[in-house]
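This report describes the fold, the interior and some local features of one protein chain. Please consult the sequence and the structure shown below while reading.

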Amino acid sequence: MAARGKAMVTLPTLVRAMRRRTSNHMPSNQPLPSLRRAFSLYDQINLIDSVPEDQIRFKQVTETGFTVKGVHYEGSLLCVGNLLMSWHPKKLSEVTSESLSIFQTVRPVPEILLLGCGKYIQPVNPELRAFIRSTGMKLEAVDSRNAASTYNILNEEGRIVAAALLPYGVES
């Protein structure tokens with residue numbers, strides 16, 4: 001009870017002291033500093049420009065292909081780590097365990113396969129999902145732009161990642 005009584009007596013004095021300090025340092029009618037300044041330096045930093053020369057990085061995704069390190073590739077692509085290969089499927093229904101059979105032999109096994117389905121995310125055949133799981137990889141099926149972008153980020157982080165990408169113009 002004595003502690004509570006002491007706190008009740010001290011509290012008003014403490015509040016008055018804090019109000020005096022606050023009013024001396026920042027008038028109440030002055031606006032708070034903008035957070036924009038705090039982010040301005042961050043906005044000028046571009047980590048992706050410091051990617052090593054030998055690392056694959058998608059620069060552009062078009063209706064018919066992909067631009068990687070300044071070279072435009074028409075059609076579908078298969079990427080494993082820093083290897084880039086032309087890939088024969090033209091639409092998601094043509095993506096089969098046979099078209100992805102390279103992942104039965106690739107070592108180390110990529111932790112994730114980013115499947116770029118074209119313009120829209122599409123459901124993946126359960127048998128194909130089971131095959132990908134059997135190789136030890138996780139599957140992320142997204143549209144091809146997001147797949148390429150995610151590949152850039154994960155590859156830049158040094159993670160072992162793979163991508164099977166259909167051109168963005170593919171709709172079914």
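## Lys-69 and the backbone

Lys-69 is partly exposed, because its relative accessible area is 46%, a value between the limits of 20% and 50%. The model under discussion is a predicted one. Lys-69 belongs to the loop between β2 (65–68) and β3 (71–74). Its phi is near 50°, which is positive although the residue is not a glycine. Most residues other than glycine have a negative phi, and most peptide bonds are trans. A cis peptide bond is present between Arg-107 and Pro-108, with omega at about -5°. Pro-108 lies in the loop that runs between β5 (83–87) and β6.

## Overall architecture

The protein contains four helices and eight strands. Read from the N terminus, the order of these elements is α-α-β-β-β-β-β-β-α-β-α-β. The protein has 172 residues, of which 35% count as buried. Among contacts between residues at least 6 apart in sequence, 65% join residues at least 24 apart. The exposed surface amounts to about 11600 Å², and carbon and sulfur atoms supply 56% of it.

## The nonpolar cores

Which residues have the most contacts inside the largest nonpolar core? They are Trp-87, Leu-100, Phe-103, Leu-113, Leu-115 and Ile-132, in a core of 22 residues. At least two residues of this core come from each of β4 (76–80), β6 (112–116), α3 (126–134), β7 (138–142) and β8 (161–165). The greatest contribution is that of α3, with three residues. A second core, separate from this one, has 18 residues, including Phe-66, Val-142, Leu-154 and Tyr-168.

Beyond its neighbours within four places in sequence, Phe-103 is in contact with Leu-78, Val-80, Pro-110, Leu-113, Thr-135, Met-137 and Ala-162. The last of these, Ala-162, is part of strand β8. Ala-162 counts as buried because its relative accessibility is 0%, where the cut-off is under 20%. When residues up to four places away in sequence are not counted, Ala-162 touches Cys-79, Val-80, Phe-103, Pro-110, Ile-112, Leu-113, Leu-114 and Tyr-151.

Ala-141 is located in strand β7. With a relative accessibility of 14%, Ala-141 therefore also counts as buried. Its contacts, again without residues up to four places away in sequence, are Leu-115, Cys-117, Ile-121, Gln-122 and Val-124.

The table gives C-alpha separations for two residue pairs that involve these alanines.

| Residue pair | Distance along the chain | C-alpha separation |
|---|---|---|
| Ala-162 and Phe-103 | 59 residues | 9.2 Å |
| Ala-141 and Ala-164 | 23 residues | 9.5 Å |

## The largest pocket

Rolling a probe the size of a water molecule over the atoms shows where empty space is left. The largest pocket holds about 190 Å³ of space. Its lining consists of Leu-92, Ser-93, Val-95, Thr-96, Ser-97, Gln-122, Pro-123, Val-124, Asn-125, Glu-127 and Leu-128. Sorted by class, these lining residues are five nonpolar, five polar and one charged. Gln-122 and Val-124 belong to the pocket lining and are also among the residues that Ala-141 touches.

Methods:
Residues numbered from 1 in each chain as written. Predicted model: local features only at pLDDT ≥ 70, side-chain atom pairs only at ≥ 80, totals over all residues. Heavy atoms only, no water. 1 Å grid on protein atoms, 1.4 Å probe; cavity = no way out; pocket = protein on both sides within 12 Å on 5 of 7 lines; lining within 4 Å. Points joined across faces, edges and corners; volume = space filled by probe spheres on them. Nonpolar A, V, L, I, M, F, W, Y, C, P; charged D, E, K, R; others polar. Buried < 20%, exposed > 50% of the residue type's maximum accessible area, 1.4 Å probe, protein only. Contact = heavy atoms within 4.5 Å. Areas by Shrake-Rupley, 256 points an atom, 1.4 Å probe, with all protein chains shown as cover. Core = buried A, V, L, I, M, F, W, Y, C linked by side-chain atoms within 4.5 Å.
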